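Here are some notes to read beside the structure. They take up charged side chains and then aromatic rings.

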Amino acid sequence: MKSVESDNVGWDLTVTGGDVTLKVEVKGLSGSALCVELTPNEYKQMLSPEHRNMYVIYAVTNALTPFAEAYVFYYNAEASHGRCYVWATEDGRLLNIEPLTGARLTLA
């Protein structure tokens, strides 16, 4: 496992085992609701054909409590059609993806 957060590649960890490499984006939440945001670069890498099959979203809810719960989402090529991407846990829970557009506001 190698931390690549500071390399700005679009994920936090590169995990290699045998001939499998995973690109893992880690999100920790203090509350119980699973709602995370990706940076534009993270989102781009998540959907890119080059990384999509290796990209993993690892989210932890209640991260600072004894009740922490981890969710691991993988790209599901079989359930994805065209530009509709499906990310799911191994037990079939689906990740809803809502693309957002933002802006940076500063004092002129």
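1. A salt bridge is a side-chain nitrogen of Lys or Arg within 4 Å of a carboxyl oxygen of Asp or Glu. In this predicted model, the side chains of E42 and K27 meet that description, with N and O 3.1 Å apart. E42 is in helix α1 and K27 in strand β3 (residues 20-28), so this salt bridge ties together parts 15 residues apart in sequence.

2. K27 also forms a salt bridge with E25, at 3.3 Å from N to O. E25, K27 and E42 are thus linked in a network of salt bridges. Are these residues buried or exposed? E25 and K27 are both buried, and E42 counts as buried because its relative accessibility is 10%. For K27 the value is 14%.

3. The structure holds four salt bridges. One of them joins E69 and R93, whose closest N and O atoms are 4.0 Å apart. E69 lies in strand β5 and R93 in the loop between β6 and β7 (94-95), so the pair ties together parts 24 residues apart in sequence. E69 counts as partly exposed at 36% relative accessibility, and R93 counts as partly exposed at 39%.

4. R52, in the loop between α1 (40-47) and β4, is buried but has no salt bridge. The nearest side chain of opposite charge is that of E50, 11 Å away. What does the side chain of R52 make a polar contact with? One partner is the side chain of Y85, at 3.5 Å. In addition, a polar atom of the R52 side chain lies 2.8 Å from the backbone oxygen of L47. R52 also lies over the face of Y75, 5.1 Å from the ring centre.

5. Y75 leads on to the aromatic rings. A pair of aromatic rings is described by the distance of the centres and the angle of the planes. The structure holds five aromatic pairs. In one of them, W11 and Y55 have ring centres 6.4 Å apart and planes at 90°, so the pair is edge-to-face. W11 is in the loop between β1 (2-3) and β2 (13-17), while Y55 is in strand β4 (residues 55-61), 44 residues apart. Both W11 and Y55 are buried.

6. Y75 and W87 form a tilted pair, 5.6 Å centre to centre with 55° between the planes. Y75 belongs to strand β5 (residues 69-75) and W87 to strand β6 (residues 87-88), twelve residues apart. Y75 is buried at 18% relative accessibility, and W87 is buried at 0%. Ring pairs link W11, Y55, Y75, Y85 and W87 into a cluster.

Methods:
Residues numbered from 1 in each chain as written. Predicted model: local features only at pLDDT ≥ 70, side-chain atom pairs only at ≥ 80, totals over all residues. Heavy atoms only, no water. Phe/Tyr/Trp six-rings, centres within 6.5 Å; stacked < 30°, edge-to-face > 60°. Helix = DSSP H or I, 4+ residues; strand = E, 2+ residues; numbered from the N terminus. Buried < 20%, exposed > 50% of the residue type's maximum accessible area, 1.4 Å probe, protein only. Lys NZ or Arg CZ within 6 Å of the ring centre and 35° of its normal. Lys, Arg positive; Asp, Glu negative; His and termini not counted. Polar contact = N/O pair within 3.5 Å; in protein donor to acceptor, adjacent residues only side chain to side chain.
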